Amino acid sequence: MKHLYLLAPILAIFAIFAVYFLIQTNRRPIPHYEPKQEPEVIFDAEEYLRQLKKDHKPFGTRGVHRLLLKRTRQKAGVYLESLEPALDSIGLEVVNVYHSVMGFEYVPVITSGNDWPYHAQKSKHYENKALDFRIKFLLPEEKKSIVELATKKLEGRARVIWEKGEAEHLHVELLD
Ligand SMILES: [Zn+2]
């Protein structure tokens with residue numbers, strides 16, 4: 001304990017360093033941040049659909065088809081290239097239904113077009129008049145809302161069938 005007298009000068013040196021450090025820290029320019037006031041975006045499914053319909057016009061049928069491919073993901077091997085143009089538009093309306101139930105960020109998955117050899121023999125899939133959408137991993141109430149909304153929206157133009165069981169999906173086909 002005979003070196004206890006050294007403690008005072010050591011503490012003093014520490015104190016000096018601490019003060020020096022604080023001064024240095026304060027001297028650094030502090031970046032000035034001003035939060036941007038951005039208008040809150042409120043998603044409106046109806047407005048989105050109106051925009052979609054507006055966008056259709058300059059596109060032509062191939063454009064609508066490309067839009068459908070862009071707004072969805074497709075399961076590997078899905079063949080949609082000969083899809084009836086009317087089904088492209090209907091597919092986009094189904095996308096809109098998914099958006100209004102699941103939110104705008106949701107990307108629906110098309111699981112079948114004219115590509116699967118195991119549809120019923122007279123299936124409209126073979127005439128490029130049917131699409132399957134993935135619905136399997138959603139909550140029961142989400143599935144129900146999607147089926148109900150799609151059925152209502154496409155009434156008179158397309159049939160919406162909720163296929164249940166092992167390969168559960170949403171089947172959408174053009175009416176004759
Ligand atoms: Zn189907």
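This report covers the zinc site, the salt bridges, a buried histidine and the sheet of a predicted model.

## Zinc site

Three residues hold the zinc ion: His125 through NE2, His171 through ND1, and Asp132 through OD, listed twice among the donors. Distances run from 2.0 to 2.8 Å. Along the chain, the donors follow the spacing H-x6-D-x38-H. His125 sits in the loop between β2 (109–112) and β3 (130–134), while His171 belongs to strand β5 (residues 169–174), so the two histidines tie together parts that are 46 residues apart in sequence.

The geometry is irregular, with angles of 51 to 153 degrees among the four donor atoms. Four donors count as tetrahedral only if all angles lie between 85 and 135 degrees. For comparison, the ideal angle for four tetrahedral donors is 109.5 degrees. Both histidine ligands, His125 and His171, are buried.

## Salt bridges

Side chains of opposite charge can pair when their charged atoms come close. Across the whole structure, a search finds seven salt bridges. Three of them are described here, beginning with Arg62 and Glu81.

The side chains of Arg62 and Glu81 meet at 3.0 Å, N to O. Arg62 is in helix α2 (residues 45–71), and Glu81 is in the loop between β1 (73–74) and α3 (85–102). This pair links distant parts of the chain, 19 residues apart. Arg62 is partly exposed, at 43% relative accessible area. Glu81 is also partly exposed, at 39%.

Lys124 bridges to Asp176, and their closest N and O atoms are 3.0 Å apart. Lys124 lies in the loop between β2 and β3, and Asp176 in the segment after β5, so this bridge ties together parts that are 52 residues apart in sequence. The two partners contrast in exposure. Lys124 is buried, with a relative accessible area of 9%, whereas Asp176 is exposed at 88%.

Glu168 and Lys143 form a salt bridge at 3.1 Å, N to O. Glu168 is in the loop between β4 (158–163) and β5, and Lys143 is in helix α4 (residues 140–153), so the pair connects parts 25 residues apart in sequence. Both Glu168 and Lys143 are buried.

## His65 and its contacts

His65 is found in helix α2. Arg62 lies in helix α2 too. The relative accessibility of His65 is 2%, so His65 counts as buried.

A polar contact of 3.1 Å joins the side chains of His65 and Glu81. Glu81 also takes part in the salt bridge with Arg62. Beyond neighbours within four places in sequence, His65 is in contact with Leu80, Glu81, Leu83 and Asp88.

## Sheet

Five strands form an open sheet in the order β1-β2-β3-β5-β4. The pairing is mixed. Strands β1 and β4 stand at the edges with a single partner strand each, so one side of each has no neighbour in the sheet.

At one edge, β1 runs parallel to β2, and two bridges join these strands. Arg73 has Val109 of β2 as its bridge partner.

The sheet order also places the zinc ligands. Strand β5, between β3 and β4 in the order, carries His171. The loop between β2 and β3 holds His125 as well as Lys124.

Technical notes
Residues numbered from 1 in each chain as written. Predicted model: local features only at pLDDT ≥ 70, side-chain atom pairs only at ≥ 80, totals over all residues. Heavy atoms only, no water. Donors = N, O, S within 2.8 Å, 3.2 Å for Na, K, Ca; no water. Tetrahedral: all angles 85-135°; square planar, octahedral: opposite > 155°, others 65-115°. Helix = DSSP H or I, 4+ residues; strand = E, 2+ residues; numbered from the N terminus. Buried < 20%, exposed > 50% of the residue type's maximum accessible area, 1.4 Å probe, protein only. Salt bridge = Lys/Arg side-chain N within 4 Å of Asp/Glu carboxyl O. Polar contact = N/O pair within 3.5 Å; in protein donor to acceptor, adjacent residues only side chain to side chain. Contact = heavy atoms within 4.5 Å. Pairing = 2+ DSSP bridges.
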